[in-house]
Amino acid sequence: MSISNTESGSITRFAPSPTGHLHIGGARTALLCWAFAQGQDGKFVLRIEDTDQTRSSESSMRGILEDLAWLGIDWDEGPELEFEGEKLGGDPRGVGPFFQAQRLDLYNKYIRQLIEEDKAYPAFETPEELDAARKEAIAAKTGYKYNRAGLEVSLEDRISRMDAGELHVVRLKMPDEAITVKDEILGDVTVEPSEFDDFIIRKRDGFPTYHLAVVVDDALMGVTHVLRGQEHLINTPRHIALQEAIGFATPGYGHMPLIFNPDGSKMSKRDKDKMAKKAVKEQGIESSPIDGVSDEEFSRWLKDKTRQLDSDHLIALAKVLEITLPEIDVEDFRRAGYLPSGLNNYLALLGWNPKTKNEDGTDLEHFDMDYLAGHFTMGGMSKGQSKFDRVKLLSFNGDEIAALSDEEFASTWHAWAMKYDTELSDRFSQADMLTLAPAVKTRCKTLADGRGVVKFALIADDAVEYDGKAVHKALIKGERKGLELLLGFREVIAGMEAFVPEAIETAVKEFAESQEVGMGKLAQPLRVAVTGAGVSPPLGQTLAILGKESVMARIDRCGEFTEAEKV
RNA sequence: GGCCCCAUCGUCUAGUUAGGUCCAGGACACCAGGUUUUCAUCCUGGUAACGCGGGUUCAAAUCCCGCUGGGGUCACCA
């Protein structure tokens with residue numbers, strides 16, 4: 001089989017199995033594979049590993065594709081997807097299909113070849129027999145290893161039994177020499193033959209195992225570099241043995257350190273269920289508070305640590321409980337209002353470092369996808385595991401939001417709200433958001449945070465709740481001078497034509513000067529009157545977004561409230 | 001438990017390949033000031049780490065060994 005990778009640079013691949021959403025750790029793997037290929041003017045291939053028929057699904061495959069596309073991790077070859085007008089994937093070299101379930105003939109060809117060359121063999125033990133042997137080994141506190149019983153039958157017999165349709169698995173004969181993985185991140189890693197056993201390359205159901213499929217596909221797709229998580233390090237000697245048995249070249253390998261929660265535990269989808277269960281118990285909720293889940297299902301879920309609620313139900317539940325679930329999948333981060341730029345930047349920095357200084361002598365940490373693609377090397381990766389620090393991610397994301405132009409921010413925020421917070425997009429048009437942009441950008445770390453900044457405008461004029469302390473301090477204290485200024489300024493507002501931020505700011509300034517008081521003396525009463533509290537974005541934006549009628553209504557209502565308050 | 005990987009501020013890391021320029025630099029967080037009509041942004045300053053024990057060497061965060069600690073893996077999952 002010829003491999004057509006000579007005309008360009010390195011070829012990397014990301015090969016998720018479609019068994020759920022794209023995990024944030026997977027996203028980092030994909031990002032770095034992408035960056036490596038981009039930087040080498042090579043190709044980034046996306047392949048779907050759906051050999052586990054019982055767990056794979058079409059919808060999670062689509063979800064993973066969307067997540068990657070949203071992050072801007074574009075694949076040159078692989079399943080086709082149209083995302084925001086851009087076509088991704090395709091098969092210009094004719095190395096597809098990119099779904100392993102559609103490549104069975106290919107795998108079987110190599111498996112047959114290995115058997116005929118006596119490098120692999122069918123074995124006829126049942127899973128139950130092997131299980132029993134494994135349990136025995138565990139009980140005897142020795143490591144379990146397949147005993148090569150399948151080899152006691154002659155080659156001809158094995159083949160004829162197999163061809164007669166007897167159920168079997170196929171195992172690779174492992175060599176009795178040590179195998180060294182030349183890892184580009186970790187250095188040489190050698191595994192002794194005593195650690196090997198004849199692992200399965202084809203299952204009873206006729207599907208290849210991951211090991212066989214990955215080796216065949218990588219070779220046939222011309223993959224030159226494999227970047228993957230360190231959990232695969234121990235698999236690599238097997239893959240090298242398989243490559244040697246078939247006659248494939250061994251690609252370059254890089255095993256990346258794993259990412260963990262701050263407490264050292266694994267970042268797992270289950271974390272979301274865990275937190276929800278905890279909150280349910282703390283709040284003493286016993287019957288299902290959400291649609292689509294019966295009380296019976298709910299209590300089963302609550303009692304069973306291993307039971308998980310599906311994603312939509314979990315989100316609905318979190319809303320009822322008023323908790324924020326930990327983000328684990330890319331979709332979670334998207335929903336929470338992270339920007340691809342912030343997420344990618346943080347992810348790349350988790351384990352990789354550009355080792356470059358800024359002009360002011362600080363380390364370069366903020367960079368975009370182009371920079372990453374142009375500078376990523378495996379040698380720049382650290383070897384140790386790292387913890388996922390949401391606080392630093394939040395800071396990076398906030399920086400990215402603040403760096404957006406007002407127009408970019410408005411359109412990004414609006415598009416996000418249309419998808420994840422329709423109450424917000426119903427209340428504010430994109431034009432409203434443009435007015436709000438300068439005020440909101442520096443006050444939120446995520447797009448979802450934006451809601452908190454403008455929540456005063458989300459409530460009805462007669463539903464503003466006054467913070468007693470703020471009212472006292474701004475309006476009542478000092479002979480109700482604040483209230484007097486507020487009502488005086490109401491008349492100014494009544495006479496205003498253009499109710500826009502700049503005009504409002506000017507009017508506030510001029511009125512304060514005419515009354516011979518500092519800006520704060522007028523600004524704070526006004527702020528409390530329209531928002532109920534002493535904290536809000538600058539007055540211009542705050543009043544403008546409410547509109548003149550609403551502002552006057554709120555001033556009147558606040559005036560009545562204040563009159564009724566005792567000193 | 002066997003095998004494998006790893007070990008610098010609370011966290012992410014620079015420095016380790018070619019030992020001295022490191023009483024260890026940056027970022028996030030935190031603390032204290034400043035700017036600002038409030039909040040936020042922004043600016044200035046500060047606290048804070050080479051896991052432990054042995055070597056080698058004139059000299060070790062850097063090299064070697066041991067210990068401890070963390071992680072991975074031991075499927076007809078990927």
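Start your tour by selecting Leu227, which sits in strand E10 (residues 225-229). Keep in mind as you click around that this is a predicted model.

**Stop 1: Leu227**

Is Leu227 buried or exposed? Show its surroundings and count: 26 other C-beta atoms lie within 10 Å, so Leu227 is buried. Next, select Gly254 as well. Gly254 is 27 residues away along the chain, yet the C-alpha atoms of the two residues are separated by 4.8 Å. Setting aside sequence neighbours within four places, the contacts of Leu227 are Thr12, Thr29, Leu32, Cys33, Phe36, Gly254 and Met256.

**Stop 2: the hairpin of E3 and E4**

Now move to strand E3 (residues 78-83) and strand E4 (residues 86-90), an antiparallel pair held over four bridges. Pick out Gly78, and you'll find Gly90 of E4 standing opposite. Two residues lie between the strands of this hairpin, and Glu84 there has a positive phi near 45 degrees.

**Stop 3: some unusual backbone spots**

Here's a rule of thumb for this stop: most residues other than glycine have a negative phi, and most peptide bonds are trans. Select Gly96 and Pro97, and you'll see a cis peptide bond between them, with omega about 0 degrees. Pro97 belongs to the loop between E4 and helix H3 (104-116).

Carry on to Asp118, in the loop between H3 and E5. Its phi is positive, near 60 degrees, though the residue isn't a glycine. Asp118 has 11 other C-beta atoms within 10 Å, so Asp118 is exposed.

Then jump to Glu479, in the loop between H19 and H20. Glu479 also has a positive phi near 60 degrees and isn't a glycine. With 9 C-beta neighbours inside 10 Å, Glu479 counts as exposed.

**Stop 4: a three-stranded sheet**

Colour E5, E6 and E9. In what order do the three strands lie in the sheet? They run E5-E6-E9, forming an open sheet with antiparallel pairing. Strand E5 (120-123) and strand E9 (200-202) are at the edges with a single partner strand each, so one side of each has no neighbour in the sheet. From one strand to the next, the twist averages 40 degrees.

What holds such strands side by side? Strands of a sheet pair through backbone hydrogen bonds. Zoom in on E5 and strand E6 (residues 169-172), which pair over four bridges. Tyr121 has Arg171 in E6 as its bridge partner, while Ala123 is partnered by Val169 in E6. On to the other pairing: E6 and E9 are joined by two bridges. Select Arg171 again, and look for its bridge partner in E9, which is Ile200.

Now show the side chains of E6. In a regular strand the side chains alternate between the two faces of the sheet. In E6, Val169 and Arg171 point one way, Val170 and Leu172 point the other way, and all are buried.

**Stop 5: Glu152**

For a contrast, select Glu152, found in the loop between H4 and helix H5 (155-163). Glu152 has 10 other C-beta atoms within 10 Å, so Glu152 is exposed. Add Ala123 to your selection: the two residues are 29 apart in sequence, and 9.7 Å apart from C-alpha to C-alpha.

**Stop 6: around the RNA**

Turn on RNA strand B. How many residues surround RNA strand B? There are 63, and the closest are Glu49, Arg204, Gly384, Gly520 and Ala523. Colour this surface by residue type, and the residues divide into 22 nonpolar, 22 polar and 19 charged. Elements that each supply at least two residues here are helix H4 (127-139), strand E8 (187-191), strand E13 (386-387), helix H14 (390-402) and helix H22 (519-531).

**Stop 7: helix H22**

Finish with H22 itself. Its 13 residues should span 18 Å at 1.5 Å a residue, and the end C-alpha atoms are indeed 18 Å apart, so the two agree. Select the buried residues of H22, among them Leu522, Ala523, Leu526 and Val530. What covers them? The cover includes helix H19 (468-476), helix H20 (481-494), helix H21 (501-514), helix H23 (539-546) and helix H24 (548-564). Your last click is Gly532, which follows H22 and has a positive phi near 90 degrees.

Conventions. Residues are numbered from 1 along each chain as its sequence is written. Chains are lettered from A and ligands numbered from 1 in the order in which they are written. This is a predicted model: local features need pLDDT of at least 70, side-chain atom pairs count only at pLDDT 80 or more; totals for chains, interfaces and linings use all residues. A residue is buried if 20 or more other C-beta atoms lie within 10 Å of its own, exposed if 12 or fewer, and partly exposed in between; C-beta atoms are placed from the backbone. Two residues are in contact if their C-beta atoms, placed from the backbone, lie within 7 Å. A residue is near a molecule or strand if its C-beta atom, placed from the backbone, lies within 6 Å of it. Ala, Val, Leu, Ile, Met, Phe, Trp, Tyr, Cys and Pro count as nonpolar, Asp, Glu, Lys and Arg as charged, and the others, Gly among them, as polar. The expected span of a helix is 1.5 Å times one less than its number of residues. Two strands pair if DSSP finds at least two bridges between them. Axes are lines fitted to C-alpha atoms, for helices over the stretch in contact, and angles run from 0 to 180 degrees between N-to-C directions.
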